[in-house]
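User: I am new to this structure and would like to be walked through part of it with questions and answers. Could you show it here before we begin?

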Amino acid sequence: MGLRNEAFFYFKKQGRRSEKSKPVPPSPKQVGLPGPTRNGKMVMFFAVKLKDLFEKGRDYPWQKPDNCPCCNSQRLWGHGFAEAIFDGYKRPLVLKLYRCPDCGCVIRLRPKGYFKRFQASIETIRSSITSKSIMNRWLPGISRSRQCHWYRALKKRLNAYLTGVWVGGVVAGFDRLLQLGQVPVSRCI
Ligand SMILES: [Zn+2]
């Protein structure tokens, strides 16, 4: 199923991403691959029908991962739920959590097609970037400040990671960063 390939590591804000020190761009091979395994948190992306998830809430039939993405253990325990906001839904949706008793890793399941910590779909964000770069117009129906935030973050990231080698424009840059396993519009560099 290749689920493991779609797992990304993240840490709490206070985690080990060291503060304002100079960003060292990781090599493409490192990006998006699972990192240290002890007490980390993993995000795994699954095909999810958001409308069903909205209606069923905690009864939504999540597909349980086959094994722990950190240590491969096949013992995964339910670990409750976490709320997350998605565009188009007036209340938060509940995402399923699992915990691996062998390595302590907490696994959060998220819908495919959405970046972690973003409530707009990847498609919407990409459309916004395209609209701005080609027609110098923001998409209707989404606040200008959010779109501006995505655009600025992307430009900043392109400078940080693809500087000197990138002449392909912002939309192609978005796709390139995506290919590298990055969140192109993430502010954390
Ligand atoms: Zn584990």
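User: At roughly what angle do the axes of helix α3 and helix α4 cross?

Analyst: In this predicted model, helix α3 covers residues 144-162 and helix α4 covers residues 170-179. α3 passes α4 in a left-handed crossing. Their axes come within 10 Å, and the angle at which they cross is roughly 65 degrees.

User: How do the residues of the contact of α3 with α4 divide into nonpolar, polar and charged?

Analyst: On the side of α3, the residues that take part are L154, K155, R157, L158, Y161 and L162, and they meet V170, G173, F174, R176 and L177 in α4. Sorted by character, the residues of this contact come to seven nonpolar, one polar and three charged.

User: Why do the buried residues of α4 line one face of the helix?

Analyst: The residues of α4 that count as buried are G173, F174 and L177. Seen down the axis of α4, these buried residues line one face of the helix because they fall within an arc of 105 degrees. As a general background, residues three or four places apart in an α-helix point the same way, because there are 3.6 residues a turn. For α4, the value that settles the matter is the arc of its buried residues, 105 degrees.

User: Which helices are included in what covers the buried residues of α4?

Analyst: The residues to be covered are G173, F174 and L177, which are the buried ones of α4. Their cover includes a helix spanning 122-135 together with another helix, and these are α2 and α3.

Technical notes. Residues numbered from 1 in each chain as written. Predicted model: local features only at pLDDT ≥ 70, side-chain atom pairs only at ≥ 80, totals over all residues. Axes fitted to C-alpha atoms, helices over the stretch in contact; angles between N-to-C directions. Helix = DSSP H or I, 4+ residues; strand = E, 2+ residues; numbered from the N terminus. Left-handed = near helix turned anticlockwise from the far one by under 90°. Contact = placed C-beta atoms within 7 Å. Nonpolar A, V, L, I, M, F, W, Y, C, P; charged D, E, K, R; others polar. Buried ≥ 20, exposed ≤ 12 C-beta atoms within 10 Å, placed from the backbone. Arc of directions from axis to C-beta.
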